[in-house]
Amino acid sequence: MSEGGGVRVQSGLVLGIETSCDETAAAVVRGGRQILSNVVATQIALHAAYGGVVPELASREHLRNIVPVVRAALAQAGVRAEDLDAVAVTTGPGLAGALLVGIQYAKAFAFGLGRPLIAVNHLEGHVYAVLMEGGQVAEGPVLALVVSGGHTHLYVAQAGADGVMGYRNVGRTVDDAAGEAYDKVAKLLGLGYPGGPWMDGLAVAGDASAVTFNFGQIKPRDGEDGVRFDFSFSGIKTAVLRYVQGRGMEAASEQRRVALGAGMTPAEALQQYKGTLLDAEVLNLIASFQGAVVGNLMRQTFAAAEHYGVRHLVVSGGVAANRELRRRFTAEAAARGMTIGFPGVGLSTDNAAMIAAAAWPRLVAGESAAESVAAQPQLRLG
Ligand code: KG4
Ligand code: ZN
């Protein structure tokens with residue numbers, strides 16, 4: 001696929017395909033910036049019953065969705081397949097069987113069209129969810145915090161002479177991802193799935209200073225190629241569990257599990273149950289948990305920015321949708337005279353527009369994937 005003919009950049013149109021976890025997504029993006037369509041078929045309802053993503057179910061659902069989702073992305077963009085310059089697909093990290101569906105489909109699609117296939121790292125996609133909206137890549141290095149259900153990573157990133165970004169990992173979680181901690185605590189408290197948006201929605205009604213958590217935090221330390229700013233979130237999850245057990249809050253969690261049914265939003269739940277099922281004790285606990293997690297993310301991120309002398313921040317991934325996180329990171333960046341960017345609406349959580357955007361500089365630089373490209377569940381960035 002990579003041989004012969006060089007790069008063909010004509011329409012600037014790239015079809016992105018993303019199936020690394022529980023969203024089947026396709027998008028058409030022009031020139032790495034202009035989103036013509038961004039279709040996401042979410043499997044949230046399917047996995048909600050299990051309280052987490054079931055890999056086998058995810059693959060099967062991707063198989064079912066991939067054709068209609070790609071068709072819808074082309075139709076909504078008003079674009080014919082022949083108009084595309086390239087097809088971009090997430091090759092990792094993610095669930096092996098889920099990745100495979102997108103990769104095989106994208107390969108066949110690109111091959112049939114005679115267009116290059118661009119392999120995209122899902123984590124770079126999250127970074128591009130912000131960079132694509134900021135126009136050209138910021139001058140100088142960028143510090144990117146990618147914070148989602150599966151990842152918590154800090155990268156120092158900089159564009160090379162060919163316009164393709166290079167990444168150096170300067171921090172990662174040593175146990176749970178921040179989003180995973182959100183989801184697990186929400187589950188423990190009997191809130192809806194996924195838990196992040198529920199915690200976000202309910203925390204506004206609680207007092208974040210009510211509960212102080214003592215949990216292990218990792219100090220900056222020397223790594224092989226510079227100081228590392230790692231994270232740990234399993235301690236706070238355990239601290240919440242102990243708090244719940246110590247206060248005998250389990251029965252109320254069970255009642256919430258039954259009452260806060262599907263289709264209800266956190267705001268509706270507050271309206272209906274504030275003072276009863278959602279009493280001050282649980283709301284304060286939620287707000288305090290969120291305050292501690294955001295505080296920890298901030299401490300490491302701004303310490304890394306200071307250490308590496310980076311003036312531009314990018315915060316991306318599902319947890320970047322969190323309102324408290326956005327508020328506090330924005331205020332702190334302003335106080336330090338740094339710029340900060342977040343993904344626009346619908347681009348925080350998994351989508352394919354970010355995959356098409358990340359592929360663009362690679363396409364322009366003449367990169368394309370070999371026909372043998374395979375799923376890389378553990379793929380790293382930098
Ligand atoms: O990026 P994403 O869609 O998938 C992964 O690559 O993991 O992120 C999903 C994660 C989930 O853990 C979800 O609970 C969390 O992002 N999330 C949030 C919010 N919205 C989604 N966490 C906190 N506050 C939110 N508003
Ligand atoms: Zn993601």
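Which strands and which helix make a right-handed β-α-β unit with β11? In this predicted model, the unit consists of strand β11, helix α11 and strand β12. The description below begins with the confidence of the prediction, proceeds to the open sheet and its helices, and then returns to the region of β11.

The mean pLDDT of the protein is 93, and 97% of its residues reach a value of 70 or more. Residues 1-5 have a pLDDT below 50. Beyond near neighbours in sequence, this stretch makes 9 contacts in the model.

An open sheet is formed by 5 strands, arranged in the order β3-β2-β1-β4-β5, and the pairing within this sheet is mixed. The edge positions are held by β3 (34-42) and β5, each of which has a single partner strand, so one side of each is left without a neighbour in the sheet. From one strand to the next, the twist averages 20°.

The antiparallel pairing in this sheet can be illustrated by β2 and β3. Strand β2, which spans residues 23-30, pairs with β3 in the antiparallel sense over 8 bridges. Within this pair, Ala 25 of the chain is placed opposite Val 40 in β3.

Parallel pairing is found between β1 and β4, which are joined by 4 bridges. Here Ile 17 stands opposite Val 89 in β4. Strand β4 (residues 86-92) is in turn joined to β5 by 5 bridges, and these two strands also run parallel. Val 89 has Ala 119 as its bridge partner in β5, and Ile 17 is the residue opposite Val 89 in the pairing of β1 with β4. A further position in the pairing with β5 is that of Gly 92, which stands opposite Asn 121.

Both β4 and β5 are mostly covered. In β4, 7 of the 7 residues are buried, while in β5 (residues 117-121) the count is 4 of 5. The two strands also belong to a right-handed β-α-β unit, in which helix α3 (residues 96-113) is the helical element.

Two further helices lie across strands of the sheet. Helix α2, comprising residues 55-77, lies across β1 (13-18), β2 and β3, and runs at about 25° to β2. Helix α4, comprising residues 122-131, lies across β1, β4 and β5, and its angle to β5 is about 85°.

One residue of α2 may be considered individually. Gln 76 is found in this helix. Its relative accessibility is 55%, and because the threshold for an exposed residue is over 50%, Gln 76 counts as exposed. Leaving aside neighbours within four places in sequence, Gln 76 is in contact with Leu 36, Ser 37 and Val 39. Its C-alpha atom is separated by 43 Å from that of Ser 253, a residue 177 positions away along the chain.

Attention now returns to the region of β11. Strand β11 covers residues 312-316, and 4 of these 5 residues are buried, so the strand is largely enclosed by the rest of the structure. Strand β6 (residues 142-147) is joined to β11 by 5 bridges, and the two run parallel. In this pair, Leu 313 in β11 is the bridge partner of Leu 143. Strand β11 also pairs with β12 (residues 339-341), in the parallel sense and over 3 bridges. The bridge partner of His 312 in β12 is Thr 339. Together with helix α11, β11 and β12 make the right-handed β-α-β unit named at the outset.

Helix α11 also packs against another helix. Two packed helices are described by the angle between their axes and the distance between the axes. For α10 (residues 280-308) and α11 (residues 323-335), the angle is about 35° and the axes are 10 Å apart. The crossing of these helices is right-handed. The residues of α10 that meet α11 include Gln 290, Gly 291, Val 294 and Gly 295, as well as Leu 297, Met 298, Thr 301 and Phe 302. On the side of α11, the residues that take part include Glu 324, Leu 325, Arg 328, Phe 329, Glu 332 and Ala 333.

Methods:
Residues are numbered from 1 along each chain as its sequence is written. Chains are lettered from A and ligands numbered from 1 in the order in which they are written. This is a predicted model: local features need pLDDT of at least 70, side-chain atom pairs count only at pLDDT 80 or more; totals for chains, interfaces and linings use all residues. Side-chain values use heavy atoms; hydrogens and water are left out. Buried means under 20% relative accessible area, exposed over 50%, partly exposed in between (1.4 Å probe, protein chains only). Two strands pair if DSSP finds at least two bridges between them. A crossover is right-handed if, with the strands pointing away from the viewer, the path from the first strand over the helix to the second runs clockwise. pLDDT is the predictor's confidence in each residue, from 0 to 100. Contact means heavy atoms within 4.5 Å. Axes are lines fitted to C-alpha atoms, for helices over the stretch in contact, and angles run from 0 to 180 degrees between N-to-C directions. A crossing is left-handed if the near helix is turned anticlockwise from the far one by less than a right angle, and right-handed if clockwise.
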